[in-house]
Amino acid sequence: MATEFKIPLHRFDTNLLPADARQIGTEAFKTAVLMHFAAEYAAQGQTALVTVDDQDITVMAFPAEASALDFVLPMLKAGKIVEAVPYLESLTKSAPANAAVLYNLGISYSELGQYDEAIIRLKRAVQLDPGHAHAWVGIGNAYHRMRKPEPALEAFEKAVEADPNDGYTRRNLGGMLIGFKRIDEAIVHLRKAIDLLPDDPQAIFGLATALEQTGTEGADEEADALYLRFINEHPNSPMVEQAEKARTAFAHKRLKSSAVGGFRPDVMMYVAGALQTFKKLGEKKRQMIALEIAMLGRSGLDINDPADKYTLKALPGKFSGLHLLAIMYTAFRQIDPTMNTGADFSAEYQAALEMQQK
Amino acid sequence: MKNLRPDTVGILQRIETLSGRPVEFKPDSSLTLRATLQLARNGASTHVLRYRPANEPLDYWVAYQAGYLLRLLELPPDERFDFAATGAAAGQVQELLATGQPMTDTDEATLPQFAQVTAHWAMMNLRSYAIGMRIDQWLANTYPALRESQAAGMDALQQENLPLLSKRLGNLSIPVPLLGPVAAYALFADRLLGRSMYAIPYRAAGVLDLGADLLAINYAMPPDAKHDRELVDAWAAAIGMTGWYAWTPYKP
């Protein structure tokens, strides 16, 4: 059973502390108080968690180190990181060689954005336990957030070395390698990550991203399937938009590659039609049409299906996905030629303009 | 009362034999204490033991409370006394509180009430812990079968006492000397149960020396009930509570 009590600062007997640590409120005082209770309870086979704030000293004593950490872990899981840090700091005083305590303290500092503090604790944890893969990952993440990619990569490699069968370490290393353009190696680690964590969204997205960068037809197909899976399985992820954009790019790539010389006469005809329509309806209507297609496109336009399955409120008729994309491209070329619609119909657009001028 | 150990039942039977009246049990969830024993007085036919329901270890609470009554009953009638407040305590506590503590207007306003509550609490502790230690020692010496229950009960009491170290109202907190009996009891519990952790908080709060002095006074006196009043008076003198109470002849 844990013992818990508070002592107001003014009531604490400072004579129990070294002479140079009796000034209440100083760091030396706080440290000496931690050490005092740590030593008192350690003599009883107990671990003391001590925090010192502006008013009180709070002490919790547990029969063993493990149960003390068990007390702090629920705080971390509940997101009470700021509250948990003083207890973990206290635990490092009474159990300075406990890698689990140092790991949790390091991760807590990292979550609070205190990366230097985090790295000090996490490096101490891996000194004590070189096989602590998650501590290596913590170091890698801290360096990554500090925008120090080289030491981050090194730490992630150590993590995989420490535990090759940990999906999270594989995933993190894979992601890091993408940043270093070491795509082939990234793919190896991300494939392993998915083997180990079949439903992990970051592993799925990471592998799709890596495959996308290889640029081969087979890799594109696999990446497209992975992006689709990501969108279906994690529709609320903020990465969905990026996945949809990637899928659109794949579709355009396929579209172009399926045409002779990459030129699509059907698209040219759609563009020509759009040019005429806009000329007749005017700029305001053109903007409404473009906006409506753009909104429709957010949920995905199937440009590989030739069927006229789409309708617009702003323009009568039925349209295929490719047709709508061509209309939107035309509108945006007229409104703002620098705007990226995700499709490159510049050749078809130019040809349509020339055809109209004849 | 069902489920009590034979030793506990035996203690209660001894009360009945000595007083000629049975002990009635009444569960009371409103109790702030673990249990209280009200003597049969003014013609009442039973002693009434009130206890909090679901209150483990009940054997210890019952035996401990019964111990107070037994000590009274074991004395010749002319040596039985009640412990009664003189009315001086609150003013004394108020002085203690006002000395050396920075006080806001709010503190000034709440001072009389806080002093009243603290004085009442301090007098209750003075008598309870001074005599209570002797009861604990008697239980430990005489009823080894209750040892586990006693250890659990004493541990629970120690845990309950710890908030006293930081109890406050605004800037007002319990004056250190008045924590002496609680510190003495922590030191006593450590010694009786073969531990040394209950005293740690009181050492940190600077009250353990006083606790040790009180405990030494206890050990210096014969443990029988005849010396209970003398012990309480000696503790009161050591703490500075002399004159806060008076002993009045017990009236059945």
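This passage describes a three-stranded sheet and a pair of helices in a predicted model. Residues are numbered from 1 along each chain as its sequence is written, and chains are lettered from A and ligands numbered from 1 in the order in which they are written. Local features need pLDDT of at least 70, side-chain atom pairs count only at pLDDT 80 or more, and totals for chains, interfaces and linings use all residues.

Chain A holds an open sheet of three strands in the order β1-β3-β2, with antiparallel pairing. Strands (E, at least two residues) and helices (H or I, at least four) are DSSP runs, numbered from the N terminus. Two strands pair if DSSP finds at least two bridges between them. The edge strands are β1 (3-8) and β2 (47-52) of chain A. β1(A) is joined to β3 (residues 56-62) of chain A by six bridges. Here A:Lys6 stands opposite A:Thr58. Helix α1 (residues 27-42) of chain A packs on the sheet and touches β2 and β3 of chain A. Contact requires C-beta atoms, placed from the backbone, within 7 Å.

Helices α6 (residues 133-145) and α7 (residues 149-162) of chain A also pack together. Their axes come within 8 Å and cross at roughly 165°. Axes are lines fitted to C-alpha atoms, for helices over the stretch in contact, and angles run from 0 to 180 degrees between N-to-C directions. α6(A) is therefore roughly antiparallel to α7(A) (over 145 degrees; under 35 is roughly parallel, 65 to 115 roughly perpendicular, the rest oblique). Contact residues include A:Trp136 and A:Tyr143 of α6(A) and A:Phe156 of α7(A).

Notes
Contact = placed C-beta atoms within 7 Å.
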